[in-house]
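The following exercises concern empty space and strand pairing in a protein model. Each task is followed by a solution in steps.

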Amino acid sequence: MSNEIGFRGESLSLDNKKSNSGLYFQDISPLIDVEIIKNIQNDKTLSDEDIDNLLVTMRQQAVLQAVNKVFEGKHDFVLSVNLYPQEKSFKNTVPKYNKFVGFKITPVLKDHTIKIPWVELSFDGTCTFNLYLFNSNMPNTPIEYKEVTTVAGQSTIVALDWIIADDSAYKGGLFYLGYYDSVLGSVSAYKKDKASSNVGVYSPYFDIETMKMNGDISGTTIDVDTVDLISETFGLNIGVSIFNDYTDLVINNKSMFWQAIQHQMHEIVLLKIKYSNRSNSTQRLAIASVEDVDFQLLGNPDLKIDGVQTKLANEINNIKGALFYKPRISKVTLR
């Protein structure tokens, strides 16, 4: 999104000049000018490269602020579950298969992100090993891993905060969370063999199954063609949290945000001019009068002239109305 609208400037990098939309920030106001932005910085020794980097940050800031305003008030959190909440027995253990063992995780609904906030470890001895998260589109490289240590004869909780989402690095695919049981040595995982302790919580947002499959412990690889579903949980339990993910909604409708991003940049620059520590009254007048800056920010309600803050708010409301359209209630006649 940050390359949708560009800056004009001879000394700028190609990345800062890039405009996928064909729009430029200078089009909306002459005060959005590279030299003006440079002159209001507190550090007078900034190089062209420093200014170029500053503009990159400002573009990202404008995009982030505009997008956040559109989704302000929209609740991200959906639900949180303990996958295996039932009481378990710390007696019988799971045999070792010399495999990669754990969970096969299938996200079910689009536009949602799965977070694994913690893992519960239940083993009959103390052992330290790595826990891994793979995506099937990247079977030779774990996307997450963490060293964990078991506590003998009881469960222990380890924080993970691992995110399962449709990342640009591995579009699609399934996810596999687990460990290589050959590293346990004399330690074994406890079975969940008491009543319904091995029955996982159902959710329409994900499908999680326990499995074992071939993998190369030295290269931390997995072979998804060898997945074998099995009822054992291999001493593991996980927490699962679901969040709304608006990323695809924004990307698929990015042209809706162009004008809002322009207005957001306009506001950012005007506020920098107004509150710059380098701008005494003489310097401000050399750039733009305080009245001119305030007029562009606030407009003139008496003359029904909107400032950039009103224009931005109106544009944000227009985007909200388009993305989260609710049809009006209409009367119907039953026959």
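**Exercise 1.** State the volume of the largest pocket and describe its lining.

*Solution.* Step 1: the largest pocket holds about 460 Å³ of space. On a 1 Å grid over the protein atoms alone, a pocket is an open set of points with protein on both sides within 12 Å along at least five of seven lines, a cavity is a set where a 1.4 Å probe fits but cannot get out, and lining residues have an atom within 4 Å of a point. Grid points are joined across faces, edges and corners, and the volume is the space filled by probe spheres set on them.

Step 2: the lining of the largest pocket comprises 22 residues, of which His112, Ala165, Asp166, Asp167 and Asp248 are the closest to the centre. The model is predicted; local features need pLDDT of at least 70, side-chain atom pairs count only at pLDDT 80 or more, and totals for chains, interfaces and linings use all residues. Residues are numbered from 1 along each chain as its sequence is written, and side-chain values use heavy atoms, with hydrogens and water left out.

Step 3: at least two lining residues each come from strand S4 (100–107), strand S8 (154–164) and helix H4 (247–252). Helices (H or I, at least four residues) and strands (E, at least two) are DSSP runs numbered from the N terminus.

Step 4: the lining divides into nine nonpolar, six polar and seven charged residues. Here Ala, Val, Leu, Ile, Met, Phe, Trp, Tyr, Cys and Pro count as nonpolar, Asp, Glu, Lys and Arg as charged, and the others, Gly among them, as polar.

**Exercise 2.** Which element gives the most to the lining of the second largest pocket?

*Solution.* Step 1: this pocket has a volume of about 240 Å³. Step 2: among its 13 lining residues, Val67, Asn68, Phe71, Tyr246 and Val250 are the closest to its centre. Step 3: helix H3 (48–70) and H4 are the elements that give two or more residues. Step 4: H3 gives the most, with four.

**Exercise 3.** Determine the strand order of the open four-stranded sheet and a bridge partner within it.

*Solution.* Step 1: the order is S3-S14-S5-S8, with antiparallel pairing. Two strands pair if DSSP finds at least two bridges between them. Step 2: strand S3 (77–82) and S8 are the edge strands, each pairing on one side only. Step 3: five bridges join S3 to the antiparallel strand S14 (residues 236–244). Step 4: leucine 79 has isoleucine 242 in S14 as its bridge partner.
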